[in-house]
Amino acid sequence: MATVLPRASGGPPVSLRWPPEDNRIPREIFTDPDLFRWEMDALFTGPVWVLVGHEAEIPQPGDYKTISVGAVPVIVVRGGDGQVQVLVNACAHRGARLVEGPSGNVLRAGFRCIYHMWTYAPDGTLQGVSLPEDFPAEFRREDYGLPRARVATHRGLIFASFHDETPPLPAYLAELTEGLDRVVGDGRLRYLGSVKVVFRTNWKLYVENIYDGYHVTALHTGFQVVRLRSHGGQRLVPNYQRNGHLWGQSRSTRVDELRPVLRDMSLFEVRTKPTTDHNMIVVFPSGVVTDYFDTIQLRYVLPLAVDRTLIEFTFFARSDDPEEVVRHRVRQGPAVLGPAGAITLEDAAALERVQTSSVARGDNVVLKGTPKRFPPYRHVDEAPIRHFYQAYRRLLGVADGAPSQP
């Protein structure tokens with residue numbers, strides 16, 4: 001049985017000055033700590049499915065990883081029966097964090113709290129307590145299991161929700177499932193590793209940057225160095241009137257037409273498909289799934305504070321890849337699409353500058369592609385950002401001002 005976390009009621013605890021135009025975004029939403037705390041409750045533990053992992057990261061019974069759902073620390077664990085659970089990472093006794101490290105296996109030992117040595121099975125049930133003498137007579141271990149989220153999966157992707165009214169995952173993903181299937185295939189992936197980095201920016205600025213195709217050729221010099229150009233494609237916002245997901249479909253240069261401009265181009269080689277076409281997907285509110293070059297990647301966007309966001313870049317191979325392809329993916333992923341990679345290095349600098357200047361108030365303005373009111377947009381447009389904030393405002397109880405479908 002999933003646990004529904006208590007949520008605040010009413011509207012945001014701050015008076016939002018939101019312009020009536022849907023392409024203007026008030027900068028105070030990136031700097032107000034009260035609004036940040038409200039987001040963690042009304043949005044991340046609201047009626048959404050949050051991407052928390054892939055089953056390839058926890059392949060064996062007892063395997064676990066730690067992550068968070070908004071501000072709630074959780075453990076994603078495969079039980080002895082093979083079922084995946086998402087447990088709150090806090091002892092049910094006095095709230096001490098159970099697990100500090102990123103991953104491990106607890107099939108034999110279970111989760112043991114260092115504070116009073118309470119021990120939990122991989123499925124979150126309380127197995128034992130220390131020195132139970134003088135406990136109240138009505139104490140029952142079955143009443144002190146770890147709170148857990150609802151869990152649903154698609155092609156091995158693991159989603160968690162702490163809300164009892166979240167729609168079934170297929171309805172929530174809707175048309176986005178086609179894009180996810182293009183990236184993860186049948187879901188049989190091999191986990192290669194992850195890199196974590198703290199961006200000094202608000203979590204929304206990082207996510208909206210994925211919706212923005214305008215900056216890609218302007219900011220990312222890595223694309224210019226390898227002379228990789230988009231030859232079309234589109235940026236969809238599937239189910240935008242409800243969920244605000246993004247699916248960017250890029251049609252790019254054929255592999256045999258890439259012109260070698262570096263002495264060694266092997267880092268940018270594409271060995272598993274005939275073109276450099278790729279998909280860039282956001283599962284609202286914060287899960288990123290992409291397949292640039294030969295890199296299969298999930299990114300987990302984890303808010304830490306109003307101006308700090310932890311991004312976990314996680315890399316995968318296909319389970320049936322030959323070893324030389326696996327080695328290529330291991331080399332290419334972090335070096336090209338990791339936080340200090342040739343393509344994504346500039347994002348941190350640009351987003352930090354936006355965050356720093358947000359204290360000046362005023363509005364950020366979305367322009368490119370906005371004369372078209374509804375998706376699909378061009379791959380180089382920034383217009384999809386509007387639909388991210390329409391979904392955001394609906395969950396926060398702020399009038400969204402979204403146009404009606406013609």
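Here are some notes on how this predicted model is put together, going from the overall picture to individual helices and strands.

1. **Overall make-up.** The protein has nine helices and 20 strands. It runs to 406 residues, and 55% of them count as buried. Take the contacts between residues at least 6 apart in sequence: 65% of those join residues at least 24 apart.

2. **Where helix 1 meets helix 9.** Have a look at helix 1 (residues 33-42) and helix 9 (residues 385-396), whose axes come within 10 Å and cross at roughly 85°. Angles of 65 to 115 degrees count as roughly perpendicular, so that is the label for this pair. On the helix 1 side the contact is made by Leu35, Trp38, Glu39 and Ala42, and on the helix 9 side by Tyr392, Leu395 and Leu396. Sorted by class, that contact has six nonpolar residues, one charged residue and no polar ones.

3. **Helix 3 and its buried face.** In helix 3 (residues 176-184), the buried residues are Leu176, Gly179, Leu180, Val183 and Val184. Why do they line one face of the helix? Looking down the axis of helix 3, you find these buried residues within an arc of 115°, so they sit on one face. The spacing is worth remembering here: an α-helix has 3.6 residues a turn, so residues three or four places apart point the same way. Right after helix 3 comes Gly185, with a positive phi near 60°.

4. **Strand 3, covered on both sides.** Strand 3 (residues 63-69) is mostly covered, with seven of its seven residues buried. Asp63, Lys65, Ile67 and Val69 point one way, while Tyr64, Thr66 and Ser68 point the other way, and all are buried. That fits the usual pattern: in a regular strand the side chains alternate between the two faces of the sheet.

5. **Partners of strand 3.** Strand 3 runs antiparallel to strand 4 (residues 72-78), and six bridges join the two. Ser68, for instance, has Pro73 of strand 4 as its bridge partner. The two strands form a hairpin with two residues between them, and Gly70 in the turn has a positive phi of about 65°. Strand 3 is also joined to strand 6 (residues 103-105), by three bridges and again antiparallel. There, Asp63 stands opposite Asn105 of strand 6.

6. **A three-stranded open sheet.** Strands 7, 8 and 9 make an open sheet in the order 7-8-9, with antiparallel pairing. Strand 7 (111-112) and strand 9 (126-128) are the edge strands, each pairing on one side only. Two bridges link strand 8 (residues 119-120) to strand 9, and Thr119 stands opposite Gly128 of strand 9.

7. **Strand 17 and the strands beside it.** Strand 17 (residues 296-305) is mostly covered, with nine of its ten residues buried. Strand 16 (residues 287-290) runs antiparallel to strand 17 and is joined to it by four bridges, with Thr290 opposite Gln297. The hairpin between strand 16 and strand 17 has five residues in between, and Phe293 in that turn has a positive phi of about 50°. Strand 17 also pairs with strand 18 (residues 308-318), in the antiparallel sense over nine bridges. Val301 has Ile311 of strand 18 as its bridge partner. A hairpin of two residues takes the chain from strand 17 to strand 18.

Terms used
Residues are numbered from 1 along each chain as its sequence is written. This is a predicted model: local features need pLDDT of at least 70, side-chain atom pairs count only at pLDDT 80 or more; totals for chains, interfaces and linings use all residues. Side-chain values use heavy atoms; hydrogens and water are left out. Axes are lines fitted to C-alpha atoms, for helices over the stretch in contact, and angles run from 0 to 180 degrees between N-to-C directions. Angles under 35 degrees count as roughly parallel, over 145 as roughly antiparallel, 65 to 115 as roughly perpendicular and the rest as oblique. Contact means heavy atoms within 4.5 Å. Ala, Val, Leu, Ile, Met, Phe, Trp, Tyr, Cys and Pro count as nonpolar, Asp, Glu, Lys and Arg as charged, and the others, Gly among them, as polar. Buried means under 20% relative accessible area, exposed over 50%, partly exposed in between (1.4 Å probe, protein chains only). The arc is that of the directions from the helix axis to the C-beta atoms. Two strands pair if DSSP finds at least two bridges between them.
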